[in-house]
Structure formats: C-alpha cells, structure tokens
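Reader: Hi, I have a structure open here and I'm not sure where to begin. Could you go through it with me step by step?

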Amino acid sequence: MPVLFVLLVLFLLALAGGGWRWLKTSLPETTGEAKALGLTQPVTIARNNRGIPFIRAQSERDAYFALGYAHAQDRLWQMDMQRRIASGRLSEIAGKAGLGNDRFFRVLGLERQVESSMAGLDEATNQILIAYAAGINAWIGQLRLLPPEFLLAGVAPRPWRPSDSLLWGRVMALQLAGNWRDELLNLSLIERLGVEKAGQLSAILNAPAPEKTAAILEAQQLLAALPQESQSLQASNAWVVSGARSSTGAPLLANDPHLSFRAPILWYLASLEAPGLSIQGATVPGMPFVILGQNNHLAWGLTSVNGDTMDLFVETPDPQDKQRYLTPGGSEAFTTRRETIAVKGENDVVLEVRESRHGPIISDILGAREAPAGTILALAATALNARDTTAAAFRRMSQAVDAASFRTALESIQAPPQHVMYATREGMIGYQMTGQIPLRPGKASPDLPRPGADGTADWNGFVPFGDMPQQINPENGVLLNANNRPVGPDYPHHLASAWPEPLRAERLKDLLEAKPLHGPDDMNAYQMDSLSMAYLRLKPHLMMADPTSDQGRKVVALLKDWDGSMARDLAEPLLFSAWAEELQRILFAGRLGPLFDSWSNAIKPLTIDMALQESAGWCDDDNTKDKTERCPETITRALDEALRRLGRDFGQDMSRWRWKDAHKAKFQHGILERLPIPEEWVAPSIDTDGDGFSLNRGSFSFGSFRHFHGAGLRAVFDLKTPSASRYIIATGQSGNPLSPHYADLIGMWRDGQSLKLDAEGKMNELILWPAQ
C-alpha cells in the first residue's frame with residue numbers, strides 16, 4: 001500500500017478522532033526552559049506576538065547557535081527541501097518527478113563545491129557555521145513530532161552539516177545570473193531569425209553569422225531539460241537618501257528584494273544580541289547570517305546585478321579518444337565521477353558526470369552521449385568556485401563599524417554579484433557593486449557558447465574590486481538601483497549585455513526628485529507605488545487602435561484616461577495586460593515558432609515598443625504574402641484577441657472585470673496541497689496591486705496573470721532612530737501551517753503595513769541551557 005495513502009488515512013483519522021492536539025505537538029515550545037546539546041552558555045530566545053525571535057547570548061558563537069535552533073523550530077521543512085534541491089536529492093521523496101532537478105544539481109556538484117569552500121573560509125566564519133549547525137541539530141534531537149510535511153513524505157531530516165548552510169547561496173547565485181540560459185536561447189534565435197532580427201529580441205554582442213550545427217539542437221533540448229530552480233528571476237529595488245534629503249536629518253535606506261513566492265516565504269526576521277554583536281534584519285533559514293539589515297553603526301540593502309557570470313564552452317572531443325578533449329596544450333582526459341541518485345519507488349539512477357577545465361559538462365544532464373556525435377557543453381560559473389568566500393563577507397558586514405570596514409567586507413562577496421546600498425549613522429551613504437565578473441579576452445561573443453579548445457575565449461581573471469561601479473555621498477544626496485545598468489557606455493569592462501528594463505529605476509528617480517525631503521512614510525509609499533511604467537511606454541501605440549466594436553472603443557476610452565495605476569479594484573490593469581500579451585503574441589509568435597515560449601516568459605514592453613515602429617518590419621505578417629499589415633492594424637487585432645480572451649475567462653460583462661479577479665499572489669507550499677483539505681489552509685493567496693514594471697512588483701508569467709514573483713520582504717532603515725526601522729515579510733515567520741504565524745502577515749504585506757523589530761511588549765521567552 002503506498003506510503004502517502006497510509007499517511008493520508010492516518011491524518012484524516014487523527015482529525016476525525018480529535019487528534020488535532022497531537023498534530024500540534026509538531027509546533028515548537030517557545031516558552032519555559034530547555035537544554036541544548038552544543039551550547040556553551042545560557043541563551044534567551046524571546047518571541048513577540050508575530051513570532052519574531054530576539055536572541056540574547058553571551059557570545060557570538062552561542063547567538064548563531066540559537067539562530068540555528070530558532071530557524072529549525074520554525075522552518076525545518078523549508079531548510080531540508082532547499083538542501084535536497086541543491087544537493088540533488090529531491091528524488092528520494094518525489095520519485096521520478098525529481099529526476100530533472102537531481103540530474104542538474106548532481107552534474108554541477110554543489111555538495112562537493114561547498115565542502116571545499118569550508119576549507120577556504122577563515123576560522124571565525126567556520127566556527128559560526130559549526131555553531132549554527134549544532135543549533136539546528138539540537139532542535140532536531142528534541143523533536144516530539146516531526147512537522148506535517150515530513151510525516152507525509154515519510155522521511156526524517158538527516159543531521160545538518162556546517163557546509164549545508166552554503167548550499168542555498170549557490171542556488172541563488174545560479175538563479176540571479178541566468179545569462180547561460182540566454183546563450184542557449186540566443187543560439188537558436190540566430191539560427192531561426194538571423195543575426196539582425198535576433199539582436200532585436202535579445203542582447204547579443206559580436207554575433208557571428210548563423211550556421212547549422214549540432215549545438216542548435218543541443219541548445220533546444222538542454223533548455224527544455226533544465227529544472228525550475230535553474231531559472232533566472234532576478235529583481236529588486238534599493239535606494240538611500242542622505243540626511244540632507246531626509247526629514248529625520250539622517251539617512252534613510254529602503255530595500256525590497258524580489259524573488260518567486262512560496263509558502264513559507266524565503267525570508268525570516270530576527271534580532272541577535274551578544275558581546276560584540278548587535279544585528280537585526282532578514283535571514284534565510286538554513287544560512288546563519290543576516291543578509292540585509294542593520295547593526296549599531298550602519299544599515300545595508302541589496303539588489304541583484306544581472307551580471308554575466310557564466311559561460312558555456314563548446315569542448316572539442318579528441319578524435320583519437322572519446323574520453324578526452326582538446327585544449328591549448330593538447331589532449332586532456334575529462335575528470336569523471338559517478339553519481340547514484342536514489343529514486344523513491346524506483347531503481348537507483350546512475351549518472352556519469354564529466355568535467356573539463358572549464359567546468360562540468362552540463363549537456364550530460366540529457367543522458368549519456370557519445371562524442372563526437374553530440375555537442376559537449378561545459379559550464380563555467382563563478383557560482384561553482386570551490387573557494388567561495390561570500391559567507392565570510394556576510395559575517396564581516398555584520399561586524400562593520402564604519403563605511404570603510406563595510407566596503408572591505410564587501411570585497412569577499414564572490415557569487416552572486418550584488419548592488420549594495422549602505423548608510424552609516426554618521427551620515428555617509430554609498431553604493432558598491434560586488435561579486436566576481438569574469439574578464440573575457442578576444443572577440444568571441446559573451447552571449448553565445450564560446451570555443452573551448454584553443455583558449456582564445458578563456459576567462460582572464462575578474463574585474464578588480466576597485467574598478468567596480470561605486471559611489472559615495474553623491475551631491476544630490478540620492479543613490480538608487482532597480483536592477484538597471486549602473487554604468488554608461490564608456491565603462492571599460494563588460495559586465496553584461498542584457499540588463500532588465502530601466503523602467504522601475506526611472507519611476508523611482510522621478511519620485512525622489514519630486515520633493516526635497518523624504519520621510520520614512522514616503523519610503524514606504526514608494527515601495528507600494530503601483531504605477532505601470534510599461535503602460536506609460538506603450539500608451540501612445542495603443543491609442544493608435546481603431547476598433548470597430550463598441551466594447552473595443554470603450555476600452556480605448558478607458559485606457560486613454562487611465563493614469564497607469566495597477567490598482568487591484570480597477571478594470572484597466574486587466575485590459576492593458578491582456579492587450580499587451582496578445583500584442584506580443586501577434587508580433588513575435590509566428591516568427592519564433594517553438595522558441596516563443598522560451599523567449600516570451602513575460603511582457604517585454606521595450607521590445608514591443610521597438611517592434612511597433614513601422615520601419616522595424618515586425619507588424620507585417622509573413623504569412624500574408626499579398627498584403628502588408630501596418631502597426632495600427634496589428635494593435636487593433638491584438639485588442640480584439642484580448643477581449644475575446646477576457647470574455648472567455650471572466651464573462652462577457654466587461655463592467656464586472658477587475659484586476660483582482662486575475663492578479664492574486666499565491667504562496668504554494670509544494671507538498672501539503674496533496675492533502676484532502678481546503679487549499680487555502682496551506683497555500684495562502686491574496687489579490688494584489690502592481691505588475692512587473694511597477695515599484696510594487698507584481699510580476700506574472702506570460703499567459704497567466706497570477707502574481708508569482710515580487711517583494712517577499714520590504715525594509716526601511718532609519719539611521720536616526722534604528723529601533724524605528726520597518727520590516728514586513730509576505731507570509732509569516734513559521735513554516736508549519738498549524739502555527740498562528742504561518743500566514744498572519746500576508747494582509748499587512750499586501751497593504752503596505754510593517755513591523756518594528758523592538759523587544760518591547762509581551763514576549764514569549766525560551767531559555768536554553770547547555771546540556772551536560
């Protein structure tokens with residue numbers, strides 16, 4: 001009898017028989033006293049009425065032990081799943097459905113990489129990783145009942161190793177730099193459209209003329225085989241104003257990182273106090289350090305760089321020996337290893353993994369291939385550096401006492417690259433790009449797979465930290481980044497070819513220039529600003545439509561008077577979004593054919609704007625040889641298609657259409673939805689404002705208006721009164737759906753409310769004592 005069926009029956013019997021109290025024993029005790037193996041001195045973990053822990057310890061080491069303990073109490077399943085994904089062990093609980101993920105991450109070998117990284121870290125950072133792991137294991141050893149997900153999956157968490165805390169940082173480095181996926185897509189775009197047209201749809205420097213190669217088919221197959229966790233979804237907002245531009249007289253710093261939604265949200269708020277340590281902010285369960293936050297001297301926030309930190313290299317097999325490949329120094333053997341993937345309910349899967357001097361042979365995730373019949377693609381990535389020091393950087397950032405020591409700490413960030421905003425209590429504000437960006441010699445395109453045999457396209461070190469974009473105390477008293485390009489055309493190094501649209505940055509710049517002084521409430525309001533810069537860019541084109549139906553004319557009239565606010569109670573956001581999607585489909589789907597879905601992951605307003613210039617030639621339908629379509633016809637046709645789609649999905653009465661009917665943030669759990677219970681118990685959802693081009697990020701996938709990506713965390717740091725700094729996360733502190741803190745923050749998050757991380761008011765206190 002399947003284990004899941006048995007567990008479901010037991011779960012239902014427990015509910016029917018009054019076993020709710022038994023199930024709730026999976027929740028942690030947050031009051032009283034407990035003994036913890038591995039602790040050296042007593043520690044207090046006090047939680048406020050939102051479940052946020054305030055840790056007071058007598059040493060830095062014990063403070064991080066207690067953070068590991070608290071993380072495990074509230075988010076153990078999340079931590080275990082992140083570890084499974086990154087180490088390629090998802091199939092142990094998911095069966096064959098996890099094989100795509102596991103093949104990918106076993107080929108990358110992240111477990112091996114982080115074990116090597118531990119050896120390269122300084123002793124102080126290593127000791128924190130060890131203490132944090134000990135805190136996690138202390139809680140695992142005290143569990144009365146496993147959280148519900150473990151019961152459903154029929155597994156128990158294995159002990160946490162210090163190196164496990166480095167795994168998810170590597171996954172995020174892969175997610176926040178997806179240019180290697182672009183290389184695969186670019187190869188196919190050039191083959192299908194030619195260099196000129198492909199370059200209009202994707203940034204491709206030094207593109208060669210297209211040619212039919214085995215790499216084209218390989219690229220298309222590889223794109224289809226890549227798991228979801230490898231997809232790039234980077235975005236964030238961060239800005240800081242100086243004391244001269246702040247109503248408080250001291251700097252204000254705002255940050256809201258944008259990532260995919262899930263339950264629980266990635267972030268976890270915490271405050272830690274110990275001799276030599278006073279820090280609060282946002283942590284990621286499974287990792288010991290505050291990722292963005294403040295100490296007694298300064299505050300900082302982050303946005304992703306979108307830097308070009310990865311390359312695919314086409315290796316040339318040795319024609320005399322298929323187990324070798326060509327290098328500038330002659331023939332070399334691939335480094336090989338065997339990975340055995342345990343698959344629940346199935347036989348083990350054995351994977352032969354090869355590595356070249358550039359990195360793992362990523363094309364091997366497609367299965368065994370005999371060279372030279374298949375193209376051999378190696379992945380070079382800063383995220384695969386066996387001596388990564390990023391963990392040490394975050395520890396040093398938390399210990400920084402001024403701007404100089406903070407910038408010194410930033411030098412150790414390697415992957416992922418970040419735009420870092422910071423401000424000190426003394427009044428200094430600054431911006432620094434961090435991370436390793438490869439130096440690429442030669443003329444090979446950085447946006448296509450590079451030749452691996454002759455060495456002409458090999459990396460030649462990294463952009464020096466001193467050459468990275470940076471600013472300190474600008475005259476206008478404002479620094480900002482919304483993933484936009486931070487340098488002009490004269491910057492000497494290649495950072496990336498493709499940058500996210502600068503639309504959010506333009507809106508933020510307008511808001512910050514609109515008044516001389518800004519207060520904490522203003523910063524919060526800017527984070528919640530839902531003006532769609534995409535609509536403002538496309539509005540002149542849309543007004544060229546000449547609809548023949550009354551409904552179409554009504555839409556044009558509505559949008560003509562609309563200010564672009566993506567408010568959930570309006571119809572206009574839904575009308576615009578559907579129209580823009582249909583316009584993108586009509587302009588590009590026919591020419592792109594099977595590549596359209598890979599390319600069209602979201603509305604691309606700047607590309608649509610380009611294509612709607614008559615001279616660009618995109619409006620003319622290649623399938624109608626006897627007629628030349630003009631752009632107003634294309635725009636009108638797209639409106640008709642959008643109205644048909646909306647009528648089908650939301651009914652024919654347009655007066656009842658609202659953005660909130662389609663645009664809902666849903667935080668999917670991933671496993672508990674399989675239970676025969678109301679889905680909202682485990683996958684909370686709420687209707688929201690915004691779109692992918694508003695500061696209040698409301699990103700949705702092309703073809704679905706569901707809000708799946710945005711600011712899971714918002715923070716406003718007040719350098720005048722640090723205790724007045726504001727935070728909010730999207731779901732709640734707990735990952736256990738039986739907890740009152742599983743989704744208690746979702747309404748506050750949607751409505752722009754926030755919390756202060758102060759230790760005042762009623763607190764539940766748990767005192768941990770060292771176990772003898």
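Author: Gladly, and please keep in mind that this is a predicted model. We can begin with a contact between two helices, where Arg84, Ile85, Ala86 and Ser87 in H3 meet Asn101, Phe105 and Arg106 in H5.

Reader: And what classes do the residues of that contact of H3 with H5 divide into?

Author: They divide into 3 nonpolar, 2 polar and 2 charged residues.

Reader: At roughly what angle do the axes of H3 and H5 cross?

Author: The axes of H3 and helix H5, which covers residues 99–108, cross at roughly 65° and come within 7 Å. Angles of 65 to 115 degrees count as roughly perpendicular, and H3 and H5 are therefore described as roughly perpendicular to each other.

Reader: Okay, new topic: how many cavities of 30 Å³ or more does the structure hold?

Author: The structure holds 5 cavities of that volume or more. About 470 Å³ of space lies in the largest cavity, while the second largest cavity has about 110 Å³.

Reader: Let's stay with the largest one, then. Which residues lie nearest its centre?

Author: Of the 31 residues that line the largest cavity, those nearest its centre are Met172, Met287, Ile291, Phe394 and Pro416. Several elements give two or more residues to this lining, among them helix H9 (167–175), strand E8 (290–295) and helix H13 (390–399). By class, the lining of the largest cavity consists of 20 nonpolar, 9 polar and 2 charged residues.

Reader: And which helix gives the most to the lining of the second largest cavity?

Author: That is helix H3, residues 60–87, which gives 7 residues to the lining of the second largest cavity. There are 15 lining residues in this case, and Asp74, Leu76, Trp77, Pro147 and Asn736 are the closest to the centre of the second largest cavity. Sorted by class, its lining has 7 nonpolar, 5 polar and 3 charged residues.

Reader: I also clicked on Asp164. Is Asp164 buried or exposed?

Author: Asp164 has 3% relative accessibility, and because buried means under 20%, Asp164 counts as buried. Asp164 is found in the loop between helix H8 (148–153) and H9. Leaving out residues up to four places away in sequence, Asp164 touches Arg83, Arg158 and Pro159.

Reader: Switching to the backbone, where are the cis peptide bonds you can point to?

Author: One cis peptide bond runs from Ala263 to Pro264, with omega near -5°, and Pro264 is found in the loop between E5 and strand E6 (268–274). Another cis peptide bond joins Ala415 and Pro416, with omega about 0°. Pro416 lies in the loop between helix H14 (403–410) and strand E17 (418–424), and Pro416 is also one of the residues nearest the centre of the largest cavity.

Reader: Why mention those bonds, and what about phi?

Author: Most peptide bonds are trans, and most residues other than glycine have a negative phi, so exceptions to either pattern can be pointed out. Asn306 has a positive phi of about 65° although it is not a glycine, and phi of Asn473 is also positive, near 45°.

Reader: Which loops hold Asn306 and Asn473, and how buried or exposed are they?

Author: Asn306 lies in the loop between E9 and strand E10 (310–315), and at 13% relative accessibility Asn306 counts as buried. Asn473 is in the loop between strand E20 (470–472) and strand E21 (478–481), and Asn473, at 39% relative accessibility, counts as partly exposed.

Definitions and conventions. Residues are numbered from 1 along each chain as its sequence is written. This is a predicted model: local features need pLDDT of at least 70, side-chain atom pairs count only at pLDDT 80 or more; totals for chains, interfaces and linings use all residues. Side-chain values use heavy atoms; hydrogens and water are left out. On a 1 Å grid over the protein atoms alone, a cavity is a set of points where a 1.4 Å probe fits but cannot get out, and a pocket is an open set with protein on both sides within 12 Å along at least five of seven lines; lining residues have an atom within 4 Å of a point. Grid points are joined across faces, edges and corners, and a volume is the space filled by probe spheres set on the points. Helices (H or I, at least four residues) and strands (E, at least two) are DSSP runs, numbered from the N terminus. Ala, Val, Leu, Ile, Met, Phe, Trp, Tyr, Cys and Pro count as nonpolar, Asp, Glu, Lys and Arg as charged, and the others, Gly among them, as polar. Axes are lines fitted to C-alpha atoms, for helices over the stretch in contact, and angles run from 0 to 180 degrees between N-to-C directions. Angles under 35 degrees count as roughly parallel, over 145 as roughly antiparallel, 65 to 115 as roughly perpendicular and the rest as oblique. Contact means heavy atoms within 4.5 Å. Buried means under 20% relative accessible area, exposed over 50%, partly exposed in between (1.4 Å probe, protein chains only).
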